[in-house]
Amino acid sequence: MIPVFLLLWIGSAVLLVREKRAVRLIIILGVYSLISAVCFFLLAAPDIAMAEVVVSAFSTILFIVCFEKYYSNVAPDRKPRRKARAGSRLIPLAFTVILAAAVILLIPEQAPPTYLKDLYMSRFSGEIGGENAVTAIYLGYRMYDTLFEALMLLVSIVAVVHLSHHDDEAVSVETPSGVSDSNIVGVTIRVLCPVLLLLSVYLVANGHISPGGGFHGGVVAAAFFVCRYMIYGITDMRINNVLVMEKIVYLVIVVFSVYFIILGAHSYLPIPKGIFLTVMNLLLGIKVACGFFIVFYRFIAFERR
């Protein structure tokens, strides 16, 4: 089954690269993310699959809203784009699928080296703590990667804020989302909001012993604020305060990780490993929630005015 999904993964990636129409790109990107999540799950990485699913759902909704907003403002006399021939898309896709099938099916399967995997699996519980090997790896053995990934997210959010069309820090008058006009949708979202909040807390608090963690909990918390916006609006939110909070949390993450992991100072000030992992997941969850909320705030609340 894995070779089949790997072929679909490659084929969707080729379509994603070659497609030029925005509406088709959004659809193909959603399909690509879904196939990616399935591949991650089949390759024994449920945490990564969960992260792919939640990020895909968040980004797909954001892309659809931005697409609708952009094309609703495009002039009607805009010249139509020349249609590409169907063969120009199918030929490279077919060639890629055939080549990938040949590589996967014709090359004899060999057992990959498992030295690093065996090393992690035998030592992570005692050295890092918890029962989730994925959390132990990115919060212990690969802490440098985690720090730079968090830094890249922070840089991206700062770029979104400074390159946005509006310079305001808060929205005083916003366009209603229209969701509250539907009784069914309104009641559903009101019921869903506390569930999302509880799920976020659960993912953060149990990320070291079960699939989840700070990133997953942060995205779910951002989804909670998105649902809150659909019902109540976010005119009472100031984006600059959220950005400052994200910067402060990132600074605390760096200091905390450098002191206890990189410098090995935990031997002088020992703390339970479960507490360390929970605190790190909490900090990462707050940072990720702030980042995704700022992106949504800028592209939805500001641009809908």
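Begin by selecting the largest nonpolar core, which has 20 residues, and colour Phe-58, Phe-292, Ile-294 and Phe-296, the residues with the most contacts inside it. A nonpolar core here is a set of buried Ala, Val, Leu, Ile, Met, Phe, Trp, Tyr and Cys residues joined through side-chain atoms within 4.5 Å, and buried means under 20% relative accessible area, exposed over 50%, with partly exposed in between (1.4 Å probe, protein chains only). This is a predicted model, in which local features need pLDDT of at least 70 and side-chain atom pairs count only at pLDDT 80 or more, while totals for chains, interfaces and linings use all residues. Residues are numbered from 1 along each chain as its sequence is written, and side-chain values use heavy atoms, with hydrogens and water left out.

Next, show the elements that give two or more residues to this largest core: helix 3 (46-72), helix 7 (143-163), helix 9, helix 10 (239-262) and helix 11. Helices (H or I, at least four residues) and strands (E, at least two) are DSSP runs, numbered from the N terminus. The largest share of the core, 9 residues, comes from helix 11. Staying with Phe-58, display its contacts, a contact meaning heavy atoms within 4.5 Å: leaving aside residues up to four places away in sequence, Phe-58 touches Ala-222, Ala-223, Val-226, Phe-292 and Phe-296. A second, separate core of 16 residues can then be given another colour, and Phe-124, Ile-253, Phe-256 and Phe-276 are among its members.

**Aromatic pairs**

Now turn to the rings, of which the structure holds 6 aromatic pairs. Rings of Phe, Tyr and Trp (its six-membered ring) pair if their centres lie within 6.5 Å, and planes under 30 degrees apart count as stacked, over 60 as edge-to-face and the rest as tilted. Select Phe-215 and Phe-292, an edge-to-face pair with 6.3 Å from centre to centre and 85° between the planes. This pair links distant parts of the chain, since Phe-215 sits in helix 9 (residues 214-232) and Phe-292 in helix 11 (residues 273-302), 77 residues apart. Phe-215 is partly exposed, at a relative accessible area of 32%, whereas Phe-292 is buried, at 14%.

The next selection is Phe-224 with Phe-225, also edge-to-face, whose ring centres are 5.3 Å apart and whose planes make an angle of 70°. Phe-224 is buried, with a relative accessible area of 17%, while Phe-225 is partly exposed, at 27%. Add Phe-293 to the view, and ring pairs link Phe-224, Phe-225 and Phe-293 into a cluster.

**Two buried residues**

Where in the chain does Leu-277 lie? Leu-277 is found in helix 11 and is buried, with a relative accessible area of 0%. Among residues beyond four places away in sequence, Leu-277 touches Ile-128, Gly-129, Gly-130, Leu-139 and His-208. A distance drawn from the C-alpha of Leu-277 to that of Gly-207 gives 8.1 Å, although the two are 70 residues apart in sequence.

Move on to Gly-186, which is found in helix 8 and counts as buried at 2% relative accessibility. Its C-alpha atom is separated by 8.4 Å from that of Met-230, a residue 44 places apart from Gly-186 along the chain.

**Two helices end to end**

With helix 8 (residues 183-205) selected, place a distance between its end C-alpha atoms: these are 34 Å apart, which agrees with the 33 Å that its 23 residues should span at 1.5 Å a residue. The expected span is 1.5 Å times one less than the number of residues in the helix. Its buried residues are Gly-186, Ile-189, Cys-193, Leu-196, Ser-200, Leu-203 and Val-204. An α-helix has 3.6 residues a turn, so residues three or four places apart point the same way.

For helix 1 (residues 2-18), the 17 residues reach 25 Å from first C-alpha to last, close to the 24 Å expected, and the buried residues are Trp-9, Gly-11, Ser-12 and Val-14.

**The whole chain**

Finally, zoom out to the chain, which has 11 helices and 0 strands. Of its 305 residues, 35% count as buried, and among contacts between residues at least 6 apart in sequence, 78% join residues at least 24 apart. Colouring by pLDDT, the predictor's confidence in each residue from 0 to 100, shows a chain average of 76, with 72% of the residues scoring at least 70. Confidence is lowest in helix 4 (residues 86-106), at a mean of 65, and highest in helix 8, at 85. Where pLDDT is low, the predicted coordinates should not be read in detail.
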